[in-house]
Every structure is written in structure tokens, then in C-alpha cells.
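Thank you for making time this morning. Please bring the model up on your own screens while I put it up here, and then we can walk through it together.

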Amino acid sequence: MKIFIITQIIFLIILVLPFNLYSQNSSENQKGTRTIYLIRHGEYDQTDTTDSDIGKKLTPLGIAQARLVSARLKGIPAEFTSLTSSTMIRARETAIVINQDFPELKLQQSDLIRECTPPTWRKDIMTDETETDLNMCVENLEKAYKEIFVPSPDSKDRNDIIVCHGNVIRYFVTKVLNVDTMSWLQMSITNCSLTIIRVLPDGSMKLDAFSDYGHIPENMRTFTGGENIPKELIINEEK
């Protein structure tokens, strides 16, 4: 009887041991998910003709939009791991507003995600663009895409906030969807909207949301650029 019991115990150890080893190795190799929160800057002073590094600052409405998208981020049950903005002042100012709600994040900046105009089918848009500018735009955006849209390096999830520009975000979305990048102008994007993209452990990507502006009241929604008419922030004071 004792021999039978010992034999059964040995059999169970042999049966379970490989599974435990496999589970341990599987856990060690498990990777996290990187979620990228792309935010278009708030409305800026379109009448300002100075350089985008020192001028074209956010309007009062643009600042209010930035506060609204920051509040939206605060309501998301995620631990954010980074905050990066374009070096253009309208993006930097938007990121600074967000940084006030997330002081634990160090605000970083990148020249690669500055606003530019990628090639498009629209001839009226291409008329004012030089080949040099178009090539430089694509070169920067492709490099930024390769740096940003990568899987988490370990088992921890990553949640990255990136504040940049409408053309940049739309170009990235065409890459994520694996469609012709020339189609970026077929999308319209709201100021301080959220575009959310998940990078899975195997490197594949999912577009969770594009130009989500549910946190911005319709009367505060703006697009900027093109023929859109700028809006003003209206504050109703109770008498």
C-alpha cells in the first residue's frame, strides 16, 4: 500500500512539474500593452503671424479646451507613464495645462512631431508646398512613428500622453490602419480631442478612438485651419 501511495505521489509531481515550469516561463515572457493618447493642441491665435515657436499661443478658449481634455484624462483609470509635446508653442502650452494635473510626469518635447504637411491627393494643398518640405515632413513623421508606436518592453502596461498636431495625428492613424498615407486629409480632427491607439505585445495595433471630443461642449468645439471661423470663450456671469 505504501509503495502504491509513493508511486502516485511521484506520478503527480512528474505530471505537474512541467506545467509549473511552463507557467513560470510564460509569465516571464509576458509583455504589457502600450496605450498612446494622442491629443491635438487647443485653439490658438490664428491672426498671429510670428513664428510658431514663440507665437500663435493658445486663446482663452484653447486653454479651456486643454483643461477639459486634462479632466478627461484624470477620469481614465490608467497610470500614465509619460507626457510629450511638440516643440511648437501651441502644443507646449496645451501640455503644460495637462502637466498641472499630472505633476508626477516630466514634460518632454520632440521636434519630430511638429506640425507639417505630408503629401496628399489634394492639389490645392500641395500647391504651396515644396518638395523639400514634403520630404522632411515624411522623414520626421516616419521616424517619430517608429520611436513611439512600439510594444511595451516588459510586462508592465504603458500609457503615454502625446500632445501634437492635427496633420501629425492623422498621418499616424493612416499608418496604424495600414492605408495609403496620402489619405490623411480625408479625416477631420477637433482641437483637444483624444485619439487612442493600443500597441499590443506582438507589435500589432488597434485604433480605439479617433478625434473623440465628448469632453468638449459643442459650442466650445473648434477645428482651426482651413476656412473654419475662430470662436471666443464666452463666460455667462450670473447677476
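Let me start with helix α5, where the residues L134, C137, L141, E142, A144, Y145 and I148 are buried. Seen down the axis of α5, these buried residues fall within an arc of 165°, so they line one face of the helix. On the other side of α5 we find E131, T132, E139, K146 and E147, which are exposed. Please keep in mind throughout that this is a predicted model.

What do the buried residues of α5 pack against? They pack against two helices, α4 at 123-126 and α6 at 166-177, and also against the strands β1 at 34-40, β4 at 158-164 and β6 at 205-212. As for the length of α5, which covers residues 131-148, its 18 residues at 1.5 Å a residue should span 26 Å, and the end C-alpha atoms are 26 Å apart, which agrees.

Helix α2, at residues 60-74, can be described in a similar way. Its 15 residues should span 21 Å at 1.5 Å a residue, and its end C-alpha atoms are indeed 21 Å apart. The buried residues of α2 are L61, G62, A64, Q65, A66, V69, S70 and L73, and they pack against β1, β4 and β5 as well as against helix α3, which is found at 89-101.

Stepping back to the whole chain, the protein has six helices and six strands, and from the N terminus on these elements run α-β-α-β-α-β-α-α-β-α-β-β. Of the 239 residues in the protein, 43% are buried. If we take the contacts between residues at least 6 apart in sequence, 71% of them join residues that are at least 24 apart.

That brings me to the sheet, which is open, has six strands in the order β3-β2-β4-β1-β5-β6, and shows mixed pairing. Which strands stand at the edges? They are β3, at 107-110, and β6, and each has a single partner strand, so one side of each is left without a neighbour in the sheet. Neighbouring strands of this sheet are turned by 20° against each other on average, with direction ignored.

Within that sheet, I would like to follow strand β4, which is mostly covered, as seven of its seven residues are buried. Both of its faces are covered, with R158, D160, I162 and C164 buried on one side and N159, I161 and V163 buried on the other. Strand β4 pairs with β1 in the parallel sense over seven bridges, and in that pairing R34 stands opposite R158 of β4. Strand β4 is also joined to β2 by four bridges, and these two strands run parallel.

Strand β2, at residues 82-86, is in turn joined to β3 by four bridges, again with the two strands running parallel. A convenient residue to look at here is S85, which stands opposite V163 in β4 and opposite Q109 in β3.

Next, let me point to a single residue, T195, which lies in strand β5. Is T195 buried or exposed? With a relative accessibility of 0%, it counts as buried. The side chain of T195 reaches the backbone nitrogen of S211 at 3.1 Å. Leaving aside neighbours within four places in sequence, T195 is in contact with a number of residues, among them I36, Y37 and L38, I169 and V173, and also L207, A209, F210 and S211.

Finally, there are two residues whose backbone angles deserve a careful look. K56 has a positive phi of about 55° although it is not a glycine, and its place is in the loop between β1 and α2. N178 likewise is a residue other than glycine with a positive phi, in this case near 60°, and it is found in the loop between α6 and β5, the latter at 194-199. Which of these two settings is buried and which is exposed? K56 is buried, because its relative accessible area of 18% is under the 20% limit used for that word, whereas N178, at 71% relative accessibility, counts as exposed.

Methods: Residues numbered from 1 in each chain as written. Predicted model: local features only at pLDDT ≥ 70, side-chain atom pairs only at ≥ 80, totals over all residues. Heavy atoms only, no water. Expected span 1.5 Å × (residues − 1). Buried < 20%, exposed > 50% of the residue type's maximum accessible area, 1.4 Å probe, protein only. Arc of directions from axis to C-beta. Contact = heavy atoms within 4.5 Å. Pairing = 2+ DSSP bridges. Axes fitted to C-alpha atoms, helices over the stretch in contact; angles between N-to-C directions. Polar contact = N/O pair within 3.5 Å; in protein donor to acceptor, adjacent residues only side chain to side chain.
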